[in-house]
Amino acid sequence: MDDNLFNSFLFCEGEKLYLNTVVSPNFISIAEEILQKSYKIVYYELNPICPICGQPLNKNGLQKFILNKNKTIYKQKYSCKNHKYYKTTSLETFIGKYCNYTL
């Protein structure tokens, strides 16, 4: 597998494991078992764009999320430097809105 393709879905930075929004939260326990280590899980979006001006969004902190009421993960927050536009990584593909449990 091409490393660039693999890195577009997940990568490690220190004690953080970054997962793209296409990776199921069910993968977290598998990854921790394979790596035999617990990581701070951060979900991020690949190349987020401002819907107002079309410019790339800047990282703006993390939002804590309790997955399945037992695993703390984080969602990357973004902001636009040109507008007062803020966005948080969405996991609605795997987790229903206003819910903590995977589908």
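**Exercise 1. The end of the chain**

Task: Determine where Leu103 is placed, whether Leu103 is buried or exposed, and how far Leu103 is from Glu92 in space.

Solution: Begin with the placement, which for Leu103 is the segment after β6, in a model that is predicted. Next, take the relative accessible area of Leu103, which is 75%; since exposed means over 50%, Leu103 counts as exposed. Finally, compare sequence with space: Leu103 and Glu92 are 11 residues apart along the chain, and their C-alpha atoms are 9.3 Å apart.

**Exercise 2. The overall architecture**

Task: Work out how many helices and strands the chain has, in which pattern they follow one another, and how the radius of gyration compares with the globule rule.

Solution: Start by counting the elements, which gives two helices and six strands. Then read along the sequence, where these elements appear in the pattern α-β-β-α-β-β-β-β. The radius of gyration of the chain is 14 Å, close to the 13 Å that the globule rule gives for 103 residues, so the chain is as compact as a globular protein of that length. The C-alpha atoms fill a box of roughly 40 × 35 × 20 Å along the principal axes, and buried residues make up 33% of the 103 residues.

**Exercise 3. Strands β1, β2 and β3**

Task: Establish in which sense β2 pairs with β1 and in which sense β2 pairs with β3, and find the bridge partners of Leu17.

Solution: First consider β1, residues 10–13, and β2, residues 16–20, which pair in the antiparallel sense over four bridges. These two strands form a hairpin with two residues between them, and Gly14 in the turn has a positive phi of about 65 degrees. Next consider β2 and β3, whose pairing is parallel and runs over five bridges. Leu17 can then be placed between its neighbours, since Cys12 is bridged to Leu17 and Leu17 in turn has Ile41 in β3 as a bridge partner. As a last step, look at the surroundings of β3: four of its five residues are buried, so β3 is largely enclosed by the rest of the structure.

**Exercise 4. The hairpin of β4 and β5**

Task: Describe how β4 and β5 pair, and say which residues in the turn or loop between them have a positive phi.

Solution: The pairing of β4 with β5, residues 71–79, is antiparallel and extends over eight bridges, with Lys64 standing opposite Tyr74 in β5. The two strands form a hairpin with three residues between them, and Asn68 in the turn has a positive phi of about 55 degrees. Lys69, which lies in the loop between β4 and β5, also has a positive phi, of about 60 degrees, although it is not a glycine. To see why this deserves a remark, recall that most residues other than glycine have a negative phi. Lys69 is exposed at 55% relative accessibility.

**Exercise 5. The salt bridge**

Task: Find how many salt bridges a search of the whole structure gives, and explain which parts of the chain the pair Glu45 and Lys87 ties together.

Solution: The search finds one salt bridge, in which the side chains of Glu45 and Lys87 meet at 3.0 Å, N to O. Glu45 lies in the loop between β3 and β4, whereas Lys87 belongs to strand β6, so the pair ties together parts that are 42 residues apart in sequence. The two partners can then be classed by accessibility: Glu45, at 16%, is buried, while Lys87, at 26%, is partly exposed.

**Exercise 6. The largest pocket**

Task: State the volume of the largest pocket, say which classes of residue line it, and describe Tyr98 as one of the lining residues.

Solution: The volume of the largest pocket is about 160 Å³. Among the residues that line this pocket are Phe65, Lys75, Glu92 and Tyr98, and by class the lining has five nonpolar, two polar and three charged residues. Turning to Tyr98, one finds it in the segment after β6, with a positive phi near 65 degrees in a residue other than glycine. Its relative accessible area is 79%, and Tyr98 is therefore exposed.

Definitions and conventions. Residues are numbered from 1 along each chain as its sequence is written. This is a predicted model: local features need pLDDT of at least 70, side-chain atom pairs count only at pLDDT 80 or more; totals for chains, interfaces and linings use all residues. Side-chain values use heavy atoms; hydrogens and water are left out. On a 1 Å grid over the protein atoms alone, a cavity is a set of points where a 1.4 Å probe fits but cannot get out, and a pocket is an open set with protein on both sides within 12 Å along at least five of seven lines; lining residues have an atom within 4 Å of a point. Grid points are joined across faces, edges and corners, and a volume is the space filled by probe spheres set on the points. Ala, Val, Leu, Ile, Met, Phe, Trp, Tyr, Cys and Pro count as nonpolar, Asp, Glu, Lys and Arg as charged, and the others, Gly among them, as polar. Two strands pair if DSSP finds at least two bridges between them. A salt bridge is a side-chain nitrogen of Lys or Arg within 4 Å of a carboxyl oxygen of Asp or Glu. Buried means under 20% relative accessible area, exposed over 50%, partly exposed in between (1.4 Å probe, protein chains only). The radius of gyration is taken over C-alpha atoms; the globule rule is 2.2 Å times the number of residues to the power 0.38.
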